[in-house]
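Student: I should like to discuss how the strands of this model are arranged. May we proceed sheet by sheet?

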Amino acid sequence: MQDTGLFTTDTTGLAEVSGPQLIRLADGDGYRLSITPVRKELGGDLRMLAYNGSIPGPALHVPQGAQITVDVRNDGDVETTVHWHGLRLENRYDGVPHETQEPIPVGGGYTCQIQFPDAGFYWYHPHMREDFAQEMGLYGTIVVEPTDPGYWPAVDRELTLTLDDLLVEDGHIAAFSRSGPNFTAMGRFGNVLLVNGETAFTGAAAVGEVVRLYLVNTANTRLFNFALSGPPMKLIGGDSGRYERETFVEEILLAPSERAVVDVLFEDPGEVRLEHRTPEQTYDLGAFTVAPAADGRGAAAASFATLRTDPQLAEERRLIEHDLDREPDKVLAFVSTMPCCTARTSRRRRPTPAPCTPRSPRPSRRPARSAACDWLQQR
Ligand SMILES: [Cu+2]
């Protein structure tokens with residue numbers, strides 16, 4: 001057969017993809033994570049990649065302070081590493097290819113020690129050819145359950161939702177080049193939107209129930225503006241655990257890789273749509289079906305209206321408050337030039353000064369244009 005230079009889209013002999021399993025791990029446990037090609041029926045017979053046969057991969061739940069050993073086995077289509085996004089762990093296990101570990105070749109394996117010192121919501125994905133391998137389905141979630149039982153508000157149950165998109169053309173995922181990224185940097189926009197790997201999420205809830213949603217944007221490029229049609233949402237945490245102040249929100253804007261932790265009180269029976277809202281259009285992502293409940297509101301619903309403040313974070317912010325208004329000790333400027341864009345970086349096209357102008361309305365003694373700004377303008 002003629003070599004096209006593209007990754008194969010052949011599905012012959014591949015196992016059907018499954019849905020993610022919830023895996024509870026304890027301190028000292030070992031876990032095996034295998035990467036294999038799978039097939040998925042979605043506008044065609046698609047060849048994808050999966051951790052342990054599912055897209056998304058297993059949803060790991062671990063107690064705060066635990067350490068586990070993960071044996072990664074790579075039987076996928078490309079060499080890989082596993083990056084544990086957001087976790088504070090030993091650098092050598094964080095999946096940085098060629099710097100802290102060698103790539104895991106196809107047919108090879110790697111053993112890593114993963115630590116979970118902080119409560120919150122994290123995820124894992126490849127740090128090699130993310131444009132291809134992550135788009136193909138290599139992503140999974142991690143919930144680190146807090147030691148302090150009062151860390152999060154009361155809730156009836158929890159649910160993890162991955163938000164993603166996929167470019168499907170002529171019954172295949174639009175092919176990627178084997179030799180290197182053939183779409184901009186980390187990836188591309190898709191034409192199919194996915195929640196937990198499916199085009200139409202279906203979930204069940206009951207009136208009076210409070211459900212915690214752990215949301216992560218696993219798309220390579222697309223921002224998601226997540227919303228629900230009706231019930232109130234309380235934003236309680238993000239990339240680094242809980243927020244200093246909880247807030248009620250109408251929508252949650254998530255950049256690629258970003259996470260949000262939000263509690264939802266289902267107040268009325270019927271359908272609650274999951275939506276991705278843009279200025280031009282609202283995309284439907286699926287729905288919860290909310291059943292009437294005979295026994296009324298529980299303890300979680302009773303405390304839902306309360307907006308809590310984290311005293312520890314409030315104190316930490318107070319301690320650095322004086323730094324916000326003072327002159328910086330040093331001004332550093334970083335300039336990055338992409339090979340593709342060198343020709344356009346002429347003296348006539350100077351970097352836009354907009355980011356150098358303070359956007360905060362608070363009074364500041366800083367000059368409107370910093371030394372870094374001036375330096376950039378001279379390039
Ligand atoms: Cu990451």
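Student: In what order do the four strands of the open sheet lie?
Tutor: In this predicted model, the sheet in question is open and its pairing is mixed. Read across the sheet, the order of its four strands is β3-β2-β5-β7.

Student: Which strands stand at the edges of that sheet, and why is one side of each left without a neighbour?
Tutor: An edge strand here has a single partner strand, so one of its sides is left without a neighbour in the sheet. This applies to the strands spanning 45–51 and 108–115, namely β3 and β7.

Student: By how many degrees are neighbouring strands of this sheet turned against each other on average?
Tutor: The angle concerns neighbouring strands of the sheet, with direction ignored. On average, the turn is 25 degrees.

Student: Which residue in β3 stands opposite Lys-40?
Tutor: Strand β2 covers residues 30–41 and pairs with β3 over seven bridges in the antiparallel sense. The residue of β3 that stands opposite Lys-40 is Leu-46.

Student: What is the bridge partner of Leu-228 in β21?
Tutor: Strand β16, residues 224–228, is antiparallel to β21, residues 270–277, and three bridges link the pair. Within β21, the partner of Leu-228 is Leu-274.

Student: How many residues lie between β21 and β22 in their hairpin?
Tutor: β22 comprises residues 282–291 and runs antiparallel to β21, to which eight bridges join it. Across this pairing, Val-272 stands opposite Phe-288 in β22. The two strands form a hairpin, and the number of residues between them is four.

Definitions and conventions:
Residues are numbered from 1 along each chain as its sequence is written. This is a predicted model: local features need pLDDT of at least 70, side-chain atom pairs count only at pLDDT 80 or more; totals for chains, interfaces and linings use all residues. Two strands pair if DSSP finds at least two bridges between them. Axes are lines fitted to C-alpha atoms, for helices over the stretch in contact, and angles run from 0 to 180 degrees between N-to-C directions.
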